[in-house]
Amino acid sequence: MKKDNKLIINHPSKSAAGIKAVYISLQQILSRMSVKNSFKVLSKLNQKEGIDCPGCAWPDPLRRSKLGEFCENGVKAIAEEAMERKANPKFFSQYSVKELQNQSDYWLGQQGRLTHPMILRENETHYSPISWEEANTIIGQELNKLDNPNEAAFYTSGRTSNEAAFLYQLFVRMYGTNNLPDCSNMCHESSGVALSKTVGIGKGSVTLDDLYKAELIIIFGQNPATNHPRMLSCLEKAKKNGAKVVAINPLKEAGLTNFKNPQTAKGIIGGGTDIADLYLQLKINEDVALLKAVMIKLFQISEQHPDILDQEFINQKTAGFNEFKEELLTHNLESLIQRTGLSIQEIDKLVDLIAQRKKIITCWGMGLTQHVNGVDNIQEVVNLLLLKGSIGKEGAGTCPVRGHSNVQGDRTMGIAEKPSKELLDKIAENFGFTQPKEHGYSVVDAITAMYHQKVKVFIGMGGNFLSAAPDTNYTSQALQNCNLTVHISTKLNRSHLTTGKTALILPSMGRTDKYIKNGKAQFVTVENSMGVVHSSKGALTPPSEFVESEPVIVANIAKATLQQSRVNWDFLTEDYNNIRDLIAKTINGFENYNERVKQPIGFELPNGARTGNFTTPNKKANFTVNKLSDIALDADDFIMMTTRSHDQFNTTIYGLDDRYRGIHNGRMVVFMNSEDAQKLGLQKGDKISLYNNYNNIKRQVDNFSVVPYNIPKGCVATYYPESNPLVPINLTAHLSHTPSSKSVKVKIKKS
Ligand SMILES: Nc1nc2c(c(=O)[nH]1)N[C@H]1C(S)=C(S)[C@@H](COP(=O)(O)OP(=O)(O)OC[C@H]3O[C@@H](n4cnc5c(=O)[nH]c(N)nc54)[C@H](O)[C@@H]3O)O[C@H]1N2
Ligand SMILES: Nc1nc2c(c(=O)[nH]1)N[C@H]1C(S)=C(S)[C@@H](COP(=O)(O)OP(=O)(O)OC[C@H]3O[C@@H](n4cnc5c(=O)[nH]c(N)nc54)[C@H](O)[C@@H]3O)O[C@H]1N2
Ligand SMILES: [Mo]
């Protein structure tokens, strides 16, 4: 970071990674950790029987690189978690909560690891230390005081291990509620809903091997150079094997144009690999329009060349084709193309690539899920795959690229506000208690319930609820309306500073920490983005003797809360194998868990869509009819996406640069088309406010700087969480209720 704190706006990069990534990784880790610990942790990162990277959920290849199986942002994630600075009781005595609120997210993160359980008692100004015993007693008492268990909400962020997640949902259900909102609600929920309905499983169908064998990989709304850098080496390999790659994204993201693999000579000294053969910079939220245009064109071509569609697959494996085709052909091709902002020639190139190939994989990220029509986006992607018969066979299928390193596993373990009957039946069978059947609150529902004082106790297993959630001011009030807010956390964050009447911070171990119980080093397990379950074992001494492992924290809260429990919580945490034995009995696909997880590469969970056995109620893959975006814009409205910079992991800010987009030393920026800027009389660096008015509520953020950028006209981009105050709480996707944080109407005025 530059010392003078002045925002610098440079040209964006055309290429990602390279030697600079190696340099920055080392700089980041060595400024936070000793050389000895840095080496110790990096040598184990993503290695067989090593530490699963707490960064993204991209899977590890079978053959791990000898140069290290990690990326720049994985190293940053490790350095941030395992940093040697400590936010200890002395630190908390120095700063009042009010003073801490005035610090930036970056500063909060730099204060180091949490070391002691801390309490903010009613009407006090500072957090003070508390014993684990008293903290657990307070939680138990507050939970037992509630009139109804549905007056508590239990959030989970996706780094939680399978073991901790399983115990957490078990405790919450024994306590009597399904209020298990999860970070997935803000993330890939739209994928889960769309895929369950169309292909019978809410997860992706492909493996890494499929990507290596694909003929065409289409990447919608994803920025892998920042968020899943190891995906780029996979795409490089796929290209070497002959695959074509298409990127569909309003922004020209560096890694999708060119990748300099830091593990190869070509990447270090050569020109790198051009990744996207075709790059379509469509307008925000016009993916359905683009897909409909492409599919109409495919039908037109198929009149002469019927084999470009897989008629046999359509006839045998799918349902709903006629309704789908009929609705599709009601659309006017020209107006669809016009909506996308792309030229006919660009769309024809995509149609050509699709028409000529059979093995197609579609990848996607938040650019598809976080819209009001997020579920429609993904269902439309599935329609395209079904037309081509591109699912359930080698080299083809769906690839929603997951975020947090165990977000998929947490869901598999039963962290679900809408649990399946199968899960509830299994729990009833194994634990013999009456299950709460009514659905619980998702993230947005939980916030609304807290706001209206229907939920009075909030417990967060990891995460940063306040900063991650939409409508920051509303969410802040919601948390303040609670009697008790509890955060199980590794690092200090803003959610610890906007609290209920009483607040607790419970310091937790992270992935890198070594956990030894009765002389035996314990490991945990996680599931990656492609449904492979494997182990992760920490290597570093935890930051203090008062820091506890997540399963132990959950078990102790359960003991303090449940008067009677048929579960022997101490036995379970004595040895994590005991938890895994219970998981094996309860969750489908985990038979012989302890045996199978010993395999260094882990094991694959069942996945019907992968093998062409669609486990939908009609046993078919279902075509669907989907909606175009229907946002009504005023003449002076822009449509805003909120996205990630290269120096952040969600709400954790590693630094103030976004070097691929040319931004240094600042985050309060708005990327906009230069012609749009000119029309408003704005120049690079000008200070502006962004505001909107949904349901007669004015929302505004100030002090943003203009960055003229290569983005379609009418679209703007800002960073999350700074622009979250603009995302209305009730602007959510149909069916999945995911906040629409990639399409928010905003107006712009000079500050
Ligand atoms: N280093 C790092 N790694 C991370 C994270 C992190 O914050 N930092 N976060 C993790 C998590 S939880 C997640 S979910 C993933 C997120 O990974 P991504 O899904 O890559 O997340 P975003 O940065 O939100 O980027 C979304 C992309 O969608 C594009 N986009 C926006 N609107 C549209 C649209 O309407 N259509 C299309 N086609 N594209 C659009 C944007 O230009 C951007 O390139 O990454 C995970 N990995
Ligand atoms: N506007 C807008 N909002 C968004 C998004 C967006 O693109 N735009 N993206 C959404 C997405 S995809 C997601 S997934 C959510 C993320 O929402 P969250 O998962 O709630 O947020 P994180 O920033 O990942 O959480 C970081 C905190 O987790 C804690 N932590 C880290 N590791 C551990 C651990 O091992 N154990 C424990 N107990 N705690 C740990 C640390 O205290 C840290 O401060 O945000 C969502 N919000
Ligand atoms: Mo996410």
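This note sets out points on the two ligand shells and on one surface patch of a predicted model.

1. Shell of ligand 1. A total of 31 residues surround ligand 1. Those that come nearest are Asn 249, Glu 253, Asn 285, Gln 648 and Asn 650. Sorted by class, this shell holds ten nonpolar, 17 polar and four charged residues.

2. Secondary structure around ligand 1. Several elements contribute at least two residues each to the shell of ligand 1. They are the helices α11 (224-227) and α20 (366-369), together with the strands β25 (638-643) and β26 (648-649).

3. Polar contacts and burial of ligand 1. Two nitrogen contacts may be noted: a polar backbone atom of Ile 248 is 3.0 Å from a nitrogen atom of ligand 1, and a polar side-chain atom of Asp 287 lies 2.8 Å from a nitrogen atom of this ligand. On the oxygen side, an N or O atom in the side chain of Lys 742 is 2.8 Å from an oxygen atom of ligand 1. Ligand 1 taken alone exposes 930 Å², of which the protein buries 99%.

4. Shell of ligand 2. Around ligand 2 there are 31 residues, with Tyr 155, Ala 468, Glu 550, Thr 651 and Asn 724 the closest. The class composition is nine nonpolar, 17 polar and five charged residues.

5. Polar contacts and burial of ligand 2. The side chain of Thr 490 places a polar atom 3.2 Å from a nitrogen atom of ligand 2. Oxygen atoms of the ligand are approached by two further side chains: an N or O atom of Arg 644 is 3.1 Å from one oxygen atom, and a polar atom of Asn 650 likewise lies 3.1 Å from an oxygen atom. Ligand 2 taken alone exposes 930 Å², and the protein buries 96% of that area.

6. Placement of ligand 2 relative to the domains. Where does ligand 2 lie with respect to domain 2 and domain 3? Ligand 2 lies between them, because domain 2 (86-187 + 406-599) and domain 3 (638-750) both give residues to its shell.

7. Nonpolar surface patch. Apart from the ligand shells, Ile 19, Val 22, Leu 26, Leu 30 and Val 35 form a nonpolar patch on the surface. Together these residues have about 440 Å² of accessible area. Helix α1 (residues 19-30) supplies the largest share of the patch, namely four residues; Leu 26 is a patch residue that lies in this helix.

Methods
Residues numbered from 1 in each chain as written. Chains lettered and ligands numbered in written order. Predicted model: local features only at pLDDT ≥ 70, side-chain atom pairs only at ≥ 80, totals over all residues. Heavy atoms only, no water. Near = heavy atom within 4 Å. Polar contact = N/O pair within 3.5 Å; in protein donor to acceptor, adjacent residues only side chain to side chain. Areas by Shrake-Rupley, 256 points an atom, 1.4 Å probe, with all protein chains shown as cover. Nonpolar A, V, L, I, M, F, W, Y, C, P; charged D, E, K, R; others polar. Domains from an automatic or database assignment. Patch = residues over 30% accessible without salt bridge, like charges linked within 9 Å, V, L, I, M, F, W, Y side chains within 5 Å. Salt bridge = Lys/Arg side-chain N within 4 Å of Asp/Glu carboxyl O.
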